[in-house]
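The exercises below ask for a careful reading of one structure, and each task is followed by a solution that goes step by step. Please look at the sequence and the structure before you turn to the solutions.

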Amino acid sequence: MQVSREEILHIANLASLEIQENEVQKYLDNLQDILDFADVVNNAPVDNLDITIGANEEKNVFRKDEVKVFEDNESLLQNAVSKEQNMFKIPKVIS
């Protein structure tokens, strides 16, 4: 597919781009390169290929949910603006 100068100017107008006259050819070449590459990808031979969804077969790999005791609560809360009963105290959010 070949892109014309008029199409570049139309696309620029739709995108509210101000393209200078000396930039039109650069944009035309770049868009043509993109479209040529898309054509190569679209015409790639994919017959007899297996469907691949991911790089591996593992699904939903999660770490084990374990409760860990943090011994130094005081250093954890040292930068808290406000604390109460060994917890961060925050302003009321719901009225």
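**Exercise 1. State in which element glutamine 32 is found, whether glutamine 32 counts as buried or exposed, and which residues glutamine 32 touches.**

Glutamine 32 is found in helix H2, where helices (H or I, at least four residues) and strands (E, at least two) are DSSP runs, numbered from the N terminus. The model is a predicted one, in which local features need pLDDT of at least 70 and side-chain atom pairs count only at pLDDT 80 or more, while totals for chains, interfaces and linings use all residues. Residues are numbered from 1 along each chain as its sequence is written, and side-chain values use heavy atoms, with hydrogens and water left out.

The next step is accessibility: buried means under 20% relative accessible area, exposed over 50%, and partly exposed in between (1.4 Å probe, protein chains only). Because its relative accessibility is 10%, glutamine 32 counts as buried. Last come the contacts, meaning heavy atoms within 4.5 Å: when residues up to four places away in sequence are not counted, glutamine 32 touches Met1, Gln2 and Val3.

**Exercise 2. Describe how helices H1 and H2 are placed relative to each other, and say which residues make their contact.**

Begin with the axes, which are lines fitted to C-alpha atoms, for helices over the stretch in contact, with angles that run from 0 to 180 degrees between N-to-C directions. The axes of H1 (residues 5-14) and H2 (residues 24-42) come within 10 Å and cross at roughly 95 degrees. Angles under 35 degrees count as roughly parallel, over 145 as roughly antiparallel, 65 to 115 as roughly perpendicular and the rest as oblique, and H1 and H2 are therefore roughly perpendicular to each other.

On the side of H1, the contact is made by Arg5, Ile8, Leu9 and Ile11, and on the side of H2 by Val24, Tyr27, Leu28 and Leu31.

**Exercise 3. Follow isoleucine 8 and find which residues it is in contact with.**

Isoleucine 8 lies in helix H1 and is buried, with a relative accessible area of 5%. Leaving aside neighbours within four places in sequence, isoleucine 8 is in contact with Val3, Ile19, Val24, Tyr27, Leu28 and Leu31. For leucine 31, which is 23 residues away along the chain, the C-alpha atom is separated from that of isoleucine 8 by 8.5 Å.

**Exercise 4. Compare the phi angles and settings of serine 16 and asparagine 86.**

As background, most residues other than glycine have a negative phi. Serine 16, although not a glycine, has a positive phi of about 55 degrees; this residue lies in the loop between H1 and H2 and, at 66% relative accessibility, counts as exposed. Asparagine 86 also has a positive phi, near 65 degrees, and is found in the loop between strand E1 (83-84) and strand E2 (87-88), where, at 47% relative accessibility, asparagine 86 counts as partly exposed.

**Exercise 5. Work out how the chain as a whole is arranged and why it is described as more spread out than a compact globule.**

The chain has three helices and two strands, which follow the pattern α-α-α-β-β along the sequence. Its radius of gyration, taken over C-alpha atoms, is compared with the globule rule of 2.2 Å times the number of residues to the power 0.38. The chain has a radius of gyration of 29 Å, well over the 12 Å that the rule gives for 95 residues, so it is more spread out than a compact globule. Along its principal axes, the C-alpha trace spans about 70 × 45 × 30 Å, and 9% of the 95 residues count as buried.
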